[in-house]
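Here are some exercises to work through with the model open beside you. Try each task before you read its solution.

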Amino acid sequence: MIPAVLPTYNRAPLTFERGEGSWLVAEDGRRYLDLGAGIAVNALGHANPALTKALTDQAHKVWHLSNLYRIPEQERLAEMLVDKTFADTVFFTNSGTEAAELAVKMARKYWYEAGQPDRTRILTFEGAFHGRSSAAIAAAGSEKMTKGFGPLLPGFTQLKWGDHEALEKAIREADVGAVMVEPIQGEGGIRPMPDVCLKGLRDLCDETGVLLILDEVQCGMGRTGKLFAHEWAGVTPDIMMVAKGIGGGFPLGAVLATEAAAAGMTLGTHGSTYGGNPLACAVGAAVMEVVADEGFLAEVRRKAGLFRQGLEGLVAAHPDVFEGVRGLGLILGLRCKVAPADLVKAGYAQGILTVPAADNVVRLLPPLNIADEDIAEALRRLDAAATAVSPAP
Ligand SMILES: *Cc1c(COP(=O)(O)O)cnc(C)c1O
């Protein structure tokens with residue numbers, strides 16, 4: 001018999017009752033150090049007092065307002081984002097997938113309004129993940145996500161990650177309107193796009209007029225030690241998708257755009273019932289208050305350095321288990337010689353939560369405010385998990 005919950009998830013047999021900062025407490029009282037953070041969602045840890053206060057204060061005022069009316073919390077969060085980024089304007093969604101949907105629509109509408117309605121093609125990359133909607137799976141294009149769900153939304157071409165020649169050629173084709181890319185592929189195995197490549201891509205977009213859409217759903221919101229990952233390369237996108245960390249655990253996403261890129265999205269062209277809901281935006285503003293602060297970001301970079309150094313030591317100590325460390329800031333990956341799922345499972349036995357990714361990688365995405373002593377504890381537990389899965393006698 002089919003379970004009451006549609007069985008699309010491969011779930012670990014763990015049930016958590018509550019969270020405290022970087023820790024989750026299971027029903028049986030066991031404590032787990034959470035280096036998954038809901039896959040980069042719980043950016044400020046579990047049960048963060050400032051976020052709980054923002055949520056409950058708002059809950060006592062008003063939970064939901066239709067976008068038929070002005071929503072002050074939404075306007076405030078939009079202004080905070082505009083103030084701290086390249087963007088001139090923001091649309092709020094409830095998830096990363098919905099942000100991807102709008103990014104696609106916005107790019108196509110831009111070219112339609114610009115009098116070049118044939119520039120509908122969007123270049124994406126192998127190993128990408130942009131969500132699970134029909135547009136998002138067509139964008140990523142992998143067989144794993146698309147098989148059986150055809151006919152797929154047309155107008156996406158996947159390029160090989162790191163194949164500059166293919167990109168240079170494809171981007172000049174007459175029907176190309178945008179390039180969509182994660183500055184650091186998350187699901188794809190914590191694969192960063194080198195700064196020079198992102199710069200080169202920006203130059204190509206400038207030369208051709210093609211819009212640059214960055215998917216910072218996983219790598220944004222302070223995760224790399226800058227508010228957004230593209231800041232490291234010193235370039236800006238035309239359109240950017242944000243979600244995961246921005247709500248700190250409350251469902252919230254956003255599309256940020258320049259005024260020029262957003263030119264086609266006029267009155268009535270897009271909407272959402274819940275998008276920009278007062279509860280979500282009150283929490284989002286509380287997250288931004290913390291994460292957009294330069295002192296906080298400096299701390300993320302310091303903690304990341306500490307963690308990375310320990311991970312390099314871990315890799316050196318277990319050459320039969322690990323191949324290396326990848327990533328930037330607190331979006332890190334351990335490239336494994338063993339099956340990533342085995343290491344993740346061994347972690348459960350040691351009371352540490354990690355997340356598998358493609359390309360033989362185990363992802364480490366701790367809360368951005370993880371305590372130094374919890375980083376040290378994480379390294380001890382990862383070491384024990386690595387010992388447990390080591391093929392050596
Ligand atoms: C998680 C993720 C998405 C999809 O976000 P949802 O909130 O699950 O819809 C899109 N892009 C990237 C890079 C992601 O990591």
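**Exercise 1. Classify tyrosine 110 by its relative accessibility, then place it beside its aromatic partner.**

Start with the classes: buried means under 20% relative accessible area, exposed over 50%, and partly exposed in between, with a 1.4 Å probe and protein chains only. Tyrosine 110 has 22% relative accessibility, so it counts as partly exposed. Tryptophan 111, at a relative accessible area of 5%, is buried.

Before going on, a word on the source: this is a predicted model, in which local features need pLDDT of at least 70 and side-chain atom pairs count only at pLDDT 80 or more, while totals for chains, interfaces and linings use all residues. Residues are numbered from 1 along each chain as its sequence is written, and side-chain values use heavy atoms, with hydrogens and water left out.

Next, the rings. A pair of aromatic rings is described by the distance of the centres and the angle of the planes. Rings of Phe, Tyr and Trp (its six-membered ring) pair if their centres lie within 6.5 Å; planes under 30 degrees apart count as stacked, over 60 as edge-to-face and the rest as tilted. Searching the whole structure gives three aromatic pairs. One of them joins tyrosine 110 and tryptophan 111, with 4.9 Å from centre to centre and 90° between the planes, which is edge-to-face.

**Exercise 2. Describe the pair of phenylalanine 125 and tryptophan 161, and say which parts of the chain the pair ties together.**

Geometry comes first: the ring centres are 5.9 Å apart and the planes stand at 90°, so phenylalanine 125 and tryptophan 161 form an edge-to-face pair. Now locate the partners, using DSSP runs numbered from the N terminus (helices: H or I, at least four residues; strands: E, at least two). Phenylalanine 125 belongs to strand S5 (residues 121–125), and tryptophan 161 to the loop between strand S6 (156–159) and helix H7 (164–171), so the pair ties together parts 36 residues apart in sequence. Finally, phenylalanine 125 is buried because its relative accessible area is 3%.

**Exercise 3. Where do serine 133 and asparagine 67 lie, and what do they touch?**

Take serine 133 to begin with: its place is the loop between S5 and helix H5 (134–140). A relative accessible area of 16% makes serine 133 buried. Contact means heavy atoms within 4.5 Å; leaving aside neighbours within four places in sequence, serine 133 is in contact with Thr97 and Glu101.

Asparagine 67 sits in the loop between helix H2 (49–61) and helix H3 (72–84), and is partly exposed at 37% relative accessible area. Not counting residues up to four places away in sequence, asparagine 67 touches Gln74, Ser272, Thr273 and Gly275. For a C-alpha check, asparagine 67 and glycine 276 are separated by 8.0 Å, although they are 209 residues apart along the chain.

**Exercise 4. Is proline 13 buried or exposed, and how far is its C-alpha from that of tyrosine 348?**

Proline 13 is in the segment before strand S1 (16–20). With 81% relative accessibility, proline 13 counts as exposed. Its C-alpha is 9.7 Å from that of tyrosine 348, with the two positions 335 residues apart in sequence terms.

**Exercise 5. Summarise the whole chain: how many helices and strands are there, and what share of residues is buried?**

The chain holds twelve helices and 17 strands. Of its 393 residues, 52% count as buried. Lastly, the C-alpha trace spans about 65 × 55 × 55 Å along its principal axes.
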